[in-house]
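Here is a short briefing for your bench notes. Have a look at the sequence and the model first, and then we can go through the ligand site and the cysteines together.

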Amino acid sequence: MVQHTATSVVTIERFIIEQERQFPEATGELSGILYDIALAAKMIANKVRSAGLVDILGSDGSENVQGEVQQKLDVIANDIIVKAMDHGGRLCAMASEEEPDIIPIPDGFRCGKYVLTFDPLDGSSNIDVNVPVGTIFSVLQKRTNGMRGEMEDLLQRGKYQKAAGYVIYGSSTMLVYTTGQGVHGFTLDPAIGEFLLSHPNIRTPEVGRYLSVNDSYEQIWDENVKALMRRYRGLDNQQKPMSVRYVGSLVADFHRNLLGGGVFVYPANRKTPNGKLRLLYEANPLAFIVEQAGGAATDGRQRIMDVKPTELHQRTPLYIGSKRDVDTAMAMLANNAGSTAPSAVPAGVGA
Ligand code: FBP
């Protein structure tokens, strides 16, 4: 594999082809899926960038399966991805945070050997205030025999992912992905409309600087979660205090910590006893990336990518980022493991 530097002018398409060449048995289907995702990302970036100028800010007035108000851009991004991915003949099914059930491949289009799960616009509640948002995706290989994708093909452990990545629509638009051969970042050059290699072989620092947590939930956390937060803050004199950074957009917080070192935590609490974030299209893809970059991800009980999914929109507690800090979470939570017994929630906490 050609060793590129951040100054090499390498498009994402060329990089994908070079990676594929290392697998003589490869059919090009996975590469094709990554191309189509890059195309969808450019189209979504265009919408996000002009969001304030055209009438696509604000809510769509409908609710998604999570009971969340859908933003207009949530729906637009979801449609862009479905339409970019459903006719390439590489997928046999999809699942999205914005859709209640499996998204089948329309009749008339060939079914392929992969399934795609995705969060079309993560952090969408931040769109109207111009805070970075993102798209997160995960690719798995079909397991069942039939032509069409089934629930069993989607509900696979994260460790079976063939590819995963995210796009961050921030000061620049970046696409970061892995196929199990390291983590690579590409920046969109809007002048030429190309994703160019800007961050080859991303490695995340072993020890984190940043702590990303919404501690307005502190009152409804378990005691061991509170003890862990005191540890990260250096309040029990076991480590140097970490600097708190929280955007409230998972992709933005994860991306900062991936490059600069840090831990993002969204523990379970009495209001969301199984956590808030979704296993299939938030926790699993980011866990694959962080592990490929030398970091780790846990639900407080086990490695995120060992969790056996049972539902499409399953939620999970999440501790993800620099290895030392995730190991600390595992050590301090393991005996009471992440999930919290639901009980009274003081009014207004986590509103
Ligand atoms: P979606 O926008 O995809 O539903 O993502 C959930 C999310 O917005 C994450 O991006 C973010 O990390 C988290 O929820 C913020 O939650 P809270 O407002 O409770 O801190």
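What follows covers the ligand's surroundings and then the question of disulfides. Please keep in mind that this is a predicted model. The ligand has 18 residues around it, and the protein buries 88% of the 470 Å² that the ligand exposes when taken alone.

**Around the ligand**

- The closest residues in the shell are Gly123, Tyr217, Tyr246, Leu250 and Tyr266.
- Sorted by class, the shell holds seven charged, six nonpolar and five polar residues.
- Three strands each supply at least two residues of this shell: β5 (114–122), β13 (262–266) and β14 (277–278).

**Polar contacts to the ligand**

- Tyr246, one of the closest residues, has a side-chain N or O atom 2.6 Å from an oxygen atom of the ligand.
- In the side chain of Asp119, an N or O atom is 2.8 Å from a ligand oxygen.
- Lys276 places a polar side-chain atom 2.9 Å from an oxygen atom of the ligand.

**Cysteines and disulfides**

- How many disulfides does the model have? The count comes to zero.
- Why is there no bond between Cys92 and Cys111? The closest cysteine sulfur to that of Cys92 is in Cys111, and at 6.1 Å it is too far away for a bond.
- Looking from the other side, Cys111 has its closest cysteine sulfur in Cys92, again 6.1 Å away and too far for a bond.
- Cys92 is buried, at 1% relative accessibility, and Cys111 is buried too, with a relative accessible area of 10%.

Technical notes
Residues are numbered from 1 along each chain as its sequence is written. This is a predicted model: local features need pLDDT of at least 70, side-chain atom pairs count only at pLDDT 80 or more; totals for chains, interfaces and linings use all residues. Side-chain values use heavy atoms; hydrogens and water are left out. A residue is near a molecule or strand if one of its heavy atoms lies within 4 Å of it. A polar contact is a pair of N or O atoms within 3.5 Å; within protein, one must be able to donate a hydrogen and the other to accept it, and residues adjacent in sequence count only if both atoms are side-chain atoms. Accessible areas come from the Shrake-Rupley method with a 1.4 Å probe; for residues, only the protein chains shown count as cover. Helices (H or I, at least four residues) and strands (E, at least two) are DSSP runs, numbered from the N terminus. Ala, Val, Leu, Ile, Met, Phe, Trp, Tyr, Cys and Pro count as nonpolar, Asp, Glu, Lys and Arg as charged, and the others, Gly among them, as polar. A disulfide is a pair of cysteine sulfur atoms within 2.5 Å. Buried means under 20% relative accessible area, exposed over 50%, partly exposed in between (1.4 Å probe, protein chains only).
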